[in-house]
Amino acid sequence: MAGTGKSTISRTIALELAEKKRLAASFFFTRGKKDISHSRMFFTTIATQFANSLPVLRTFISDAIDNNPDIFRQGPREQWNQLILNPLKNAPTQSIQLVVVIDALDECDGMDDIQLILLLLAEAKDLSTVRIKIFLTSRPEIPIFDGFRQLSGEAYQDFILHNIPLDTVNADISTFFVQKLSPLKAKHGLGTPWPDEGIIEQLVERAAGLFIYAATTLRFIRDGIDGPEEQLSLILSASKSSRSATKHLDGIYTTLLQHSVLGKRGDEQECEQECEQLAGRFRQVVGSLVVIFNTMPARNLAQLLQIPPQIVSRTLGSLRSVLNIPENESQPVRLFHLSFGDFLQDSQRCSDSRFRIDEEERHTSLFRKCMLHISQLQENICDLWGPGVLITEIPSDMIQRSIPSHIQYACRYWLDHWRLGNPLAVREDIKTIRQFLEQHLLHWLEGLSLIGEVSNGVHVLIALEEILSVSCNAYYVLQEIVLT
């Protein structure tokens, strides 16, 4: 499947399947987000969800892990065969048909991995014990085409969104608006008809075939600061200067930000200073959410940024139209759609500079925050009872108390943020790294070992040397530190 809005569609389908208890597993690839941008955790994640959705598989998957404890470090083919395919073959026959939803396969790093995933998944069609269907979305990129070419024609059916007549798409969007807006009429005691056919037609025209526009518009009307009528009026009064679908989407994002972040202060010159303060907080909080490598709960984001949690919650809470903020505060905050992050980082699309995210500046700022958090590490941070203690003997809650989630994030990703934040441009940052290597290198490695990431530390140091070798002086600084 290919086309605009694939992520929104796949997530909607996954939710509906979950409600009907037919969702076996799901995985949503996202380029640039560490654990979900590659295939290393794909099959292990699918296997875990299979064990939860199909209890008869738990024993078979557990036995596979017991027989091969190193399976999590092995390649995709071994993980597929041992954790998924063989357990499915050995399971008692099930009458129900289950679905696996895979979103944005094109955002998986590695052309060979993409094609291998397709080949392995196709083997599910030969199962006789469990009926498994794979719903997969992707842009029509060459590795995807090549991967499907290697499959027999009976193994898959493709469905290209761009080939659907616009009239059909518009009819679906119109139905969506009617069904989703109607309950608001009764809830808020609005007059009849609301919204009338003319308003529905305007909304459909503005959507220009983009379901993400329709979904964002609905959330803005339903969850906005003012009532549904006022929120709808704001949408309809926004500029219609272009027929471009992207322009319409950009327009709703701009309206949403000006209204939700700045409120009714937007056009009042005497409130300019307060507006800039609110917009600056938005750039800091939401900008960090856009570029971080792993999503996290709001409270952990507050700790990472060293901002009071109530300010972070207030900033995020005004943006429920574009942010998925779970009721459970231990769950991560996410963007509803990547197009919002793309919009914020594009100076051509984000016309209001107050909300524009400077990617390099955000990465640099996060690198510096990471360095501050790493400096809190110290020798024997878990206060262990003696040398030679096995990781498996240390209670996980003890590690979590000693190395909270935001410090774990800093340990993992400080170099990635520095590399993407224009490295070598600021001498102070190089001095910070030198100080880290002199004072906290062993503490950092100990912290990585406690959270099971010590091998990552080796890769980080190798990458650091490669980056610093660009600058001869910085290279000799690193060599001096390493040798001493």
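**View 1. At 30% relative accessibility, Asn380 counts as partly exposed.** Partly exposed here means between buried (under 20% relative accessible area) and exposed (over 50%), with a 1.4 Å probe and protein chains only. This is a predicted model, in which local features need pLDDT of at least 70 and side-chain atom pairs pLDDT 80 or more, while totals for chains, interfaces and linings use all residues. Residues are numbered from 1 along each chain as its sequence is written, and side-chain values use heavy atoms, without hydrogens or water. To find Asn380, look in the loop that runs between helix H16 (359–374) and helix H17 (396–402). Its phi is near 50°, a positive value in a residue other than glycine.

**View 2. Gln306 has a positive phi as well, near 60°.** This residue, which is not glycine either, sits in the loop between helix H13 (298–305) and helix H14 (309–317). Is Gln306 buried or partly exposed? With a relative accessibility of 42%, Gln306 falls in the partly exposed class. For background, most residues other than glycine have a negative phi.

**View 3. The whole chain holds 22 helices and 5 strands.** Helices (H or I, at least four residues) and strands (E, at least two) are DSSP runs, numbered from the N terminus. Of the 484 residues in the chain, 46% are buried. Stepping back also shows how distant parts of the chain come together: among contacts (heavy atoms within 4.5 Å) with a separation of 6 or more, 73% join residues 24 or more positions apart.

**View 4. Leu257, Phe282, Leu316, Phe340, Leu344 and Trp414 have the most contacts inside the largest nonpolar core.** A nonpolar core is a set of buried Ala, Val, Leu, Ile, Met, Phe, Trp, Tyr and Cys residues joined through side-chain atoms within 4.5 Å. This core has 95 residues, and helix H18 (residues 405–420) gives the most to it, with 8 residues. A second, separate core has 41 residues, among them Leu88, Val100, Leu116 and Leu120.

**View 5. Zoom in on Phe282, and its partners come into sight.** Which residues does Phe282 contact, once neighbours within four places in sequence are left aside? They are Leu257, Val261, Gly287, Thr315, Leu319, Phe340, Leu344, Phe355 and Ile357. Leu257, Phe340 and Leu344 may look familiar: like Phe282, they are listed with the most contacts inside the largest core.

**View 6. Thr364 is a buried residue in helix H16.** The relative accessible area of Thr364 is 12%, so Thr364 counts as buried. Leaving out residues up to four places away in sequence, Thr364 touches His417, Gly421 and Asp429.

**View 7. Cys350 and Cys370 are both buried.** Cys350 has a relative accessibility of 2%, which means that Cys350 is counted as buried. For Cys370 the value is 0%, so Cys370 is buried too. Why does Cys370 not form a bond with Cys411? The closest cysteine sulfur to that of Cys370 is in Cys411, but the two are 8.7 Å apart, too far for a bond. How many disulfides (pairs of cysteine sulfur atoms within 2.5 Å) does a search of the whole structure find? The search finds 0 disulfides.

Methods. A disulfide is a pair of cysteine sulfur atoms within 2.5 Å.
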